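User: Pick one part of this model and take me through it slowly, please. Then tell me what surrounds it and how that fits with the rest of the chain.

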Amino acid sequence: MKEIHINVSVSLLMPDELSAADLELVERAKAMTRNSYSPYSHFQVGAALRLADGTIYGGSNQENAAFPVGLCAERTAFFYAQAQAPDQPPAAIAIAAFTGGAFLAKPISPCGMCRQALLEAETRYGQPIRVLLYGTEGTYVINSVKELLPLTFDGSEMA
Ligand code: THU
């Protein structure tokens, strides 16, 4: 038997270590939490997606009385951006969560479905999307969605 080890590289950055562009993206994600519609979970998630041309599209989680109908902040921002600017590869996405009157100390990470959705854009445009996960104790920076979703299914095996 051979074991395969998969390493994921995550950087932890303090606000003064983020570039101005990354800080702006994180601030947009934080602001987007205010637009969350989350009467069921009371968990307000904001996302901000920067495209290659610098445009930023924001999203927030949108819940529904029929729970599975709701959509995460990441996919709200991502699909919105893709629908408006399909010629622009996504370059980076920032995510923040606010609950109980405060931003979370430890970053939240996109759910599996959002990772898969974002992976599609990495495949589509052939460019990695940087992922910035905000927490009050620091921001995790991951250089590619693939890092968050090892052993990916990206459709390349399909005929
Ligand atoms: N949620 C997101 O919007 N993004 C995540 O990364 C995790 C979870 C939302 C879905 C639901 O509205 C609420 O947070 C609780 O799961």
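Analyst: **Helix α3 and its surroundings**

Let's start with what α3 tucks away: Cys114, Arg115, Ala117, Leu118, Leu119, Ala121, Glu122 and Tyr125 are its buried residues. Buried here means under 20% relative accessible area, exposed means over 50%, and partly exposed is what falls in between, using a 1.4 Å probe and protein chains only. Helices are DSSP runs of H or I with at least four residues, strands are runs of E with at least two, and both are numbered from the N terminus.

Before going on, a word on the ground rules. This is a predicted model, so local features need pLDDT of at least 70 and side-chain atom pairs count only at pLDDT 80 or more, while totals for chains, interfaces and linings use all residues. Residues are numbered from 1 along each chain as its sequence is written, and side-chain values use heavy atoms, with hydrogens and water left out.

Back to the helix. The expected span of a helix is 1.5 Å times one less than its number of residues. For the 14 residues of α3 that should come to 20 Å, and the end C-alpha atoms are indeed 20 Å apart, so the two agree. Just past the helix, glycine 126 takes a positive phi of about 65 degrees.

What sits over those buried residues? The cover on α3 includes β2, α2, β4 and α4, with contact meaning heavy atoms within 4.5 Å.

Now the cysteines. A disulfide is a pair of cysteine sulfur atoms within 2.5 Å, and the count by that rule is zero. Cysteine 111 is in no disulfide, and its nearest cysteine sulfur, in cysteine 114, is 3.8 Å away. Seen from cysteine 114, that 3.8 Å to the closest cysteine sulfur is too far for a bond. The two also sit in different surroundings: cysteine 111 is partly exposed at 30% relative accessibility, whereas cysteine 114 is buried at 1%.

Next, the packing. A nonpolar core is a set of buried Ala, Val, Leu, Ile, Met, Phe, Trp, Tyr and Cys residues joined through side-chain atoms within 4.5 Å. The largest one has 26 residues, and Leu49, Ile93, Ile95 and Val131 have the most contacts inside it. At least two residues of this core come from each of β2, α2 (73-84), β4, α3 (112-125), β6 (130-135) and α4 (145-148). Our helix, α3, gives the largest share, five residues.

Take valine 131 for a closer view: leaving out residues up to four places away in sequence, it touches Ile93, Ile95, Tyr140, Val141, Ile142, Val145 and Leu148. Apart from this core lies another, of 13 residues, among them Ile56, Ala96, Tyr134 and Val141.

β2 is part of the cover on α3, so to speak, and deserves a look too. The strand runs over residues 44-51 and is mostly covered, with seven of its eight residues buried. Strands count as paired if DSSP finds at least two bridges between them. β2 pairs with β4 (residues 90-99) over eight bridges in the antiparallel sense, with valine 45 partnering alanine 97. β2 also runs antiparallel to β3 (residues 56-60), through five bridges, and here glycine 46 partners serine 60. In the hairpin of β2 and β3, four residues lie between the strands, and glycine 54 takes a positive phi near 95 degrees.

Leading into β2 is the loop from α1 (20-32), where serine 36 lies. Serine 36 is buried, at 14% relative accessibility. Neighbours within four places aside, serine 36 is in contact with Phe43, Gln44, Val45, Ser60, Asn61 and Gln62.

Finally, the rings. Rings of Phe, Tyr and Trp (its six-membered ring) pair if their centres lie within 6.5 Å; planes under 30 degrees apart are stacked, over 60 edge-to-face, and the rest tilted. That gives five aromatic pairs. Tyrosine 57 and tyrosine 80 have ring centres 5.0 Å apart and planes at 85 degrees, so they pair edge-to-face. Since tyrosine 57 belongs to β3 and tyrosine 80 to α2, the pair ties together parts 23 residues apart in sequence. Tyrosine 57 is buried at 15%, while tyrosine 80 is partly exposed at 41%. Phenylalanine 98 and phenylalanine 103 also pair edge-to-face, at 4.9 Å centre to centre and 80 degrees between planes. Ring pairs link Phe98, Phe103 and Tyr134 into a cluster.
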